[in-house]
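User: I am new to this structure. Please take a close look at one buried spot and its helical surroundings, and walk me through what you find.

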Amino acid sequence: MKAKNKRNILRDAAVIIISAIVFYVCTLPFHELLPVYSFTEIRPSAVLNPVLSIFFGIPAAFGCALGNLFVDLSSGFSISSALLYFIPQFIYGLVPYLMWRKHYPENDPDRCTFDSMRKVTRFCATVLIASLAVTVCLAPFVSHPISRFLPFAFFCFINDSVINLVLGF
């Protein structure tokens, strides 16, 4: 294996591990302190997945989803539920990464700066689309009766998007 490939693998592994740990440490306290439903809470850590994914790519999206998996497991969720929630969390990081990379390639030295109104607007749109994607993926599995689906979907979208729009800068 070439040294560059080995270095990339080690870098990606470090990003996954660090992202998972940071997500876990930042999420767990709010799971206990600010519950909204029996299965969710107000999460300032929701900002980590899109932002880390824009900065560090797919390994960060995977790491944040892994951190969320550990939070769910340590909070008493069943293994099947925690694994089911892993997928929307990964998508929540993947969407911003793909959208951002489309406009700002990895070799662009200014890709992670918000130095223009265009980039700020694009970040806001990216966060809103990612929040909608995670809501569409997650809400049907959490809420069965329509009476619970709409409030949860609304809360999920608002929680993810507003926290990202406020804390994401």
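Analyst: L138 has a relative accessible area of 12%. Buried means under 20%, so L138 counts as buried. Keep in mind that this model is predicted. L138 lies in helix α5, which covers residues 117-142. Now look along the chain to L84. L138 and L84 are 54 residues apart in sequence, yet their C-alpha atoms are separated by 8.6 Å. L84 falls within the span of helix α4, residues 79-103.

Stay with α4 and turn to its packing. Helix α2, residues 48-56, packs with α4. The angle between them is about 40 degrees. Their axes are 8 Å apart. The two helices are therefore oblique to each other. The crossing of α2 past α4 is right-handed.

Which residues meet there? From α2 come N49, P50, S53 and I54. From α4 come Q89, Y92, G93, P96, Y97 and W100. Sorted by class, this contact has 6 nonpolar and 4 polar residues, with no charged ones.

Two of these names return in the core. The largest nonpolar core has 7 residues, and both I54 and W100 belong to it. The other members are V47, V51, Y104, F123 and V127. Two elements, α2 and α5, each give two or more residues to this core. That brings us back to α5, the helix that holds L138.

Terms used
Residues are numbered from 1 along each chain as its sequence is written. This is a predicted model: local features need pLDDT of at least 70, side-chain atom pairs count only at pLDDT 80 or more; totals for chains, interfaces and linings use all residues. Side-chain values use heavy atoms; hydrogens and water are left out. Axes are lines fitted to C-alpha atoms, for helices over the stretch in contact, and angles run from 0 to 180 degrees between N-to-C directions. Helices (H or I, at least four residues) and strands (E, at least two) are DSSP runs, numbered from the N terminus. Angles under 35 degrees count as roughly parallel, over 145 as roughly antiparallel, 65 to 115 as roughly perpendicular and the rest as oblique. A crossing is left-handed if the near helix is turned anticlockwise from the far one by less than a right angle, and right-handed if clockwise. Contact means heavy atoms within 4.5 Å. Ala, Val, Leu, Ile, Met, Phe, Trp, Tyr, Cys and Pro count as nonpolar, Asp, Glu, Lys and Arg as charged, and the others, Gly among them, as polar. Buried means under 20% relative accessible area, exposed over 50%, partly exposed in between (1.4 Å probe, protein chains only). A nonpolar core is a set of buried Ala, Val, Leu, Ile, Met, Phe, Trp, Tyr and Cys residues joined through side-chain atoms within 4.5 Å.
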